Amino acid sequence: MDSGRALPVSKILVIDDSLLERRVLRRYLEEGGFEVEDWLPLSALEVADHVTASAPALVLSDFQMPGVNGLTVAKMVQKAAPDTPVVILSSFLDPDVEEKLRKFGTKRCIHKPVAGPALVKILRELLGEGT
C-alpha cells in the first residue's frame, strides 16, 4: 500500500575503475532503493572536490584502481566530508591495509564478490536505515 509519502533516498557515490562493476553495483543499489552516482576519478586531487559537490550519504569505492586507490579515496573523503562513511570493496586486503583504511574513516571493508541484497543490507545498517 502506498501512503503517498516518498521515503527519503540516500545517495551512494560508487567509485570503481571497471565500467562493468559500476553498472552491477548501480543495479544492486538502485534495486535496493538508493540513488546512485557512479564515477571514476582520474587522480586523487579530484576526489575531495567531487565528494563536496556530490554530497553523497556514503562512498562505496573499489580499493585497487589506476591513479588512485581506496586508501587515498578514504583520506580525501575524510578531508572533504568527515561525516561521510566510506566502504571499500576489494578482492583481497591484508589486515594491515584494513587497519590503515579504518584510521582514515573507512567504516567497512567488504570482500568481493558480494551479493546485491547483502551489500544493500550492510549499507542501510551503516546509514542507520535498518533493513
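Visitor: How much area does the protein chain expose, and what share of it do carbon and sulfur atoms supply?
Guide: This is a predicted model, in which local features need pLDDT of at least 70, side-chain atom pairs count only at pLDDT 80 or more, and totals for chains, interfaces and linings use all residues. Accessible areas come from the Shrake-Rupley method with a 1.4 Å probe, and for residues only the protein chains shown count as cover. The exposed area of the protein chain is about 7,400 Å², and the share from carbon and sulfur atoms is 54%.

Visitor: What share of the residues of the protein chain counts as buried?
Guide: Residues are numbered from 1 along each chain as its sequence is written, and side-chain values use heavy atoms, with hydrogens and water left out. Buried means under 20% relative accessible area, exposed over 50%, and partly exposed in between (1.4 Å probe, protein chains only). Of the 131 residues of the protein chain, the buried share is 43%.

Visitor: In what order do the elements of the protein chain run from the N terminus?
Guide: Helices (H or I, at least four residues) and strands (E, at least two) are DSSP runs, numbered from the N terminus. The protein chain has five helices and five strands. From the N terminus their order is β-α-β-α-β-α-β-α-β-α.

Visitor: What is the radius of gyration of the protein chain, and how does this value stand against the globule rule?
Guide: The radius is taken over C-alpha atoms, and the globule rule is 2.2 Å times the number of residues to the power 0.38. Along its principal axes the C-alpha trace spans about 45 × 30 × 25 Å. For 131 residues the rule gives 14 Å, and the protein chain comes close to this, so it is as compact as a globular protein of that length, with a radius of gyration of 14 Å.

Visitor: How far apart are the mean positions of the positive and negative charges of the protein chain?
Guide: Lys and Arg count as positive and Asp and Glu as negative, while His and the chain ends are not counted. Each charge is placed at NZ of Lys, CZ of Arg, CG of Asp or CD of Glu. For the 16 positive and 19 negative charges, the separation of the mean positions is 2 Å.

Visitor: Which strands does β3 join through bridges?
Guide: Two strands pair if DSSP finds at least two bridges between them. Strand β3 (residues 58-62) runs parallel to β4, with four bridges; valine 59 stands opposite valine 86, and aspartate 62 has leucine 89 as its bridge partner. On β1, valine 14 is the bridge partner of leucine 60 in β3. Four bridges also join β1 to β3 in parallel, and the strands asked for are β1 and β4.

Visitor: Which residues point each way from β4, and are they buried or exposed?
Guide: Five of the five residues of β4 (residues 86-90) are buried, so this strand is largely enclosed by the rest of the structure. The same enclosure applies to β3, because five of its five residues are buried. From β4, Val86, Ile88 and Ser90 point one way and Val87 and Leu89 the other, and all are buried.

Visitor: Which elements cover the buried residues of α2?
Guide: In helix α2 (residues 45-54), the buried residues are Val47, Ala48, His50, Val51 and Ser54. An α-helix has 3.6 residues a turn, so residues three or four places apart point the same way. The cover over the buried residues of α2 includes β1 (11-15), β2 (35-39), β3 and α3 (70-80).

Visitor: What phi does alanine 55 take?
Guide: Alanine 55 lies in the loop between α2 and β3. Its relative accessibility is 56%, so alanine 55 counts as exposed. Although alanine 55 is not a glycine, its phi is positive, at about 50 degrees.

Visitor: Which residues does proline 85 touch, not counting those up to four places away in sequence?
Guide: Proline 85 is in the loop between α3 and β4 and counts as buried, because its relative accessibility is 9%. Contact means heavy atoms within 4.5 Å. Outside the excluded neighbours, proline 85 touches Ala57, Leu58, Val59, Lys107 and Leu127.

Visitor: Which peptide bond is cis, with omega near -5 degrees?
Guide: The bond leads into proline 113, which is placed in the loop between β5 (106-111) and α5 (116-126). The cis bond runs from lysine 112 to proline 113.
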